[in-house]
Amino acid sequence: TQWSMDRGGTEYHICSGGGPGIMEAANRGASQVPGGRSVGLGISLPFEAGVNEFTPEDLAFEFHYFFMRKLWFLYLAKAVIICPGGFGTLDEFFETLTLVQTGKISRPLPLVLFGADYWNRVLNLEAMAEAGTISPGDTDLFLTTDSVDEAFEYVVSRLIAVEQSAGESS
């Protein structure tokens with residue numbers, strides 16, 4: 001949030017699932033920057049009490065269907081950071097990865113799996129490449145890291161490259 005606000009030009013906003021835990025931390029972090037705002041895209045679930053308190057009311061949305069929530073997540077997303085989570089997180093990651101892999105999302109979309117130990121235990125995409133069910137290069141469609149600095153640099157460098165490319169073509 002601070003990086004985006006300091007640089008002028010294209011402004012980027014944090015958008016989370018609006019729930020507790022790491023989603024709340026994302027919205028809270030954005031709210032701690034003077035003038036910072038973020039979006040929360042919640043989902044109606046019996047065990048979650050709406051969008052977290054750190055999401056401005058006018059940017060808090062609650063969806064009934066997962067597919068509509070995913071559509072809005074990806075429609076304007078410029079980068080996606082996926083933290084350890086459950087079935088919903090895996091669903092969101094794999095749908096996004098499939099859309100990127102198949103070119104249905106044709107714009108550059110940096111994907112980061114944050115929490116390498118977790119993701120390396122949960123996913124074995126190399127086995128899929130070895131079995132021929134995905135291409136070996138498909139495992140390069142995202143970054144897996146434990147480093148906040150590495151994730152930040154990965155995302156920012158790709159966002160800036162897209163901006164520069166758009167500026168050159170206009």
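Let me start with a term: a residue is buried when its relative accessible area is under 20%. Keep that cut-off in mind. One caution as well: this is a predicted model.

First stop, the start of the chain. Ser4 sits in helix α1, residues 2–7. Buried or exposed? Ser4 has a relative accessibility of 4%, so it counts as buried. What does Ser4 touch, leaving aside residues up to four places away in sequence? Thr10, Glu11 and Tyr12.

Next, the sheet. It is open and has three strands. The order runs β4-β5-β6, and the pairing is parallel. β4 and β6 are the edge strands, each pairing on one side only. β6 covers residues 143–145. From one strand to the next, the twist averages 20°.

Look at β5, residues 111–114. Three bridges join β5 to β6 in the parallel sense. One residue to find there is Val112, whose bridge partner in β6 is Leu143. Now add a helix: α4 packs on the sheet and touches β4 and β5. The direction of α4 makes about 150° with that of β5.

Last stop, helix α3, residues 66–75. Which of its residues are buried? Arg69, Lys70 and Leu74. These three lie on the same side of α3, because they cover an arc of only 120° around the axis.

And what do the buried residues of α3 pack against? Two helices are on the list, α2 (22–31) and α4 (87–101). So are the strands β2 (38–43), β3 (60–63) and β4 (80–82). Note that β4 is also an edge strand of our sheet. That's the tour.

Conventions
Residues numbered from 1 in each chain as written. Predicted model: local features only at pLDDT ≥ 70, side-chain atom pairs only at ≥ 80, totals over all residues. Heavy atoms only, no water. Buried < 20%, exposed > 50% of the residue type's maximum accessible area, 1.4 Å probe, protein only. Helix = DSSP H or I, 4+ residues; strand = E, 2+ residues; numbered from the N terminus. Arc of directions from axis to C-beta. Contact = heavy atoms within 4.5 Å. Pairing = 2+ DSSP bridges. Axes fitted to C-alpha atoms, helices over the stretch in contact; angles between N-to-C directions.
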